[in-house]
Amino acid sequence: MREIKELKEMYGFIFNSDSGKEVLKDLEARCNYRVSSFVKGDTHATAYEEGKRAVYLYMLNMLEEAKQNE
């Protein structure tokens, strides 16, 4: 449990910096956060795009939980 708390703190430290915020904006654009990840006729491409989105959502979740623990 302690390790997860420390990891969340690290996410907060990194991604709440000015540089980290810029990286998050870039990842948001590249990881289908606000758009569909569906690729018509290609289930493998859809799965790939959804995987990128899932990683980005995980990062956002870690940041949100870090804020809640402040």
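Let's start with helix α2: its 13 residues should span 18 Å at 1.5 Å a residue, and since the end C-alpha atoms sit 19 Å apart, the two agree. The expected span here is 1.5 Å times one less than the number of residues in the helix. Helices are DSSP runs (H or I, at least four residues), numbered from the N terminus. Residue numbers start from 1 along each chain as its sequence is written. Bear in mind that this is a predicted model, where local features need pLDDT of at least 70 and side-chain atom pairs count only at pLDDT 80 or more, while totals for chains, interfaces and linings use all residues; side-chain values use heavy atoms, with hydrogens and water left out.

**α3 and what covers it**

Helix α3 runs over residues 43–68. The span check works here too: 26 residues at 1.5 Å each should cover 38 Å, and the end C-alpha atoms are 37 Å apart, which agrees. Which residues of α3 are buried? They are Thr 46, Glu 49, Tyr 56, Met 59, Met 62, Leu 63 and Ala 66. Buried means under 20% relative accessible area, exposed means over 50%, and partly exposed is in between (1.4 Å probe, protein chains only). The cover over these buried residues includes α1 and α2 (18–30).

At the N-terminal end of α3, Asp 42 acts as a cap, with a side-chain oxygen 3.2 Å from the backbone nitrogen of His 44.

**Asn 32 and Glu 49**

After α2 comes Asn 32, with a positive phi near 60°. Most residues other than glycine have a negative phi. Asn 32 belongs to the loop between α2 and α3, and it is buried, at 12% relative accessible area.

What joins the side chains of Asn 32 and Glu 49? A polar contact of 2.7 Å does. The term covers a pair of N or O atoms within 3.5 Å; within protein, one must be able to donate a hydrogen and the other to accept it, and residues adjacent in sequence count only if both atoms are side-chain atoms. Glu 49 itself is in helix α3. Setting aside neighbours within four places in sequence, Glu 49 is in contact (heavy atoms within 4.5 Å) with Asn 32, Ser 37 and Val 39.

**Salt bridges**

How many salt bridges does the structure hold? There are 8, a salt bridge being a side-chain nitrogen of Lys or Arg within 4 Å of a carboxyl oxygen of Asp or Glu. Side chains of opposite charge can pair when their charged atoms come close. Here are some of the pairs, with their N to O distances.

| Pair | N to O distance |
|---|---|
| Glu 65 and Lys 8 | 2.3 Å |
| Lys 52 and Glu 49 | 2.9 Å |
| Arg 53 and Glu 50 | 3.5 Å |

The salt bridge between Glu 65 and Lys 8 has its closest N and O atoms 2.3 Å apart. This pair links distant parts of the chain, with Glu 65 in helix α3, Lys 8 in helix α1, and their positions 57 residues apart. Glu 65 is partly exposed, at 23% relative accessible area, whereas Lys 8 counts as buried at 14% relative accessibility.

Lys 52 and Glu 49 are 3 residues apart in helix α3, so about one helical turn separates them. Likewise, Arg 53 and Glu 50 are 3 residues apart in helix α3, which puts about one helical turn between them. An α-helix has 3.6 residues a turn, so residues three or four places apart point the same way. Lys 52 counts as partly exposed, at 24% relative accessibility. Arg 53 is partly exposed at 24%, and Glu 50 is partly exposed at 33%. From Glu 50 to Leu 27, which is 23 residues away along the chain, the C-alpha separation is 13 Å.

**Out on the surface**

Met 10, Phe 13 and Ile 14 make up a nonpolar surface patch with about 360 Å² of accessible area together. Patches are built from residues with over 30% relative accessible area and no salt bridge; like charges are joined within 9 Å, and nonpolar side chains (Val, Leu, Ile, Met, Phe, Trp, Tyr) within 5 Å. The areas come from the Shrake-Rupley method with a 1.4 Å probe, and for residues only the protein chains shown count as cover. Ile 14 sits in helix α1 (residues 2–15) and counts as partly exposed, with 46% relative accessibility.

Over in helix α2 there's Ser 19, which is exposed at 54% relative accessible area. The C-alpha atoms of Ser 19 and Leu 57 are 19 Å apart, with 38 residues separating them along the chain.

Conventions. Helices (H or I, at least four residues) and strands (E, at least two) are DSSP runs, numbered from the N terminus.
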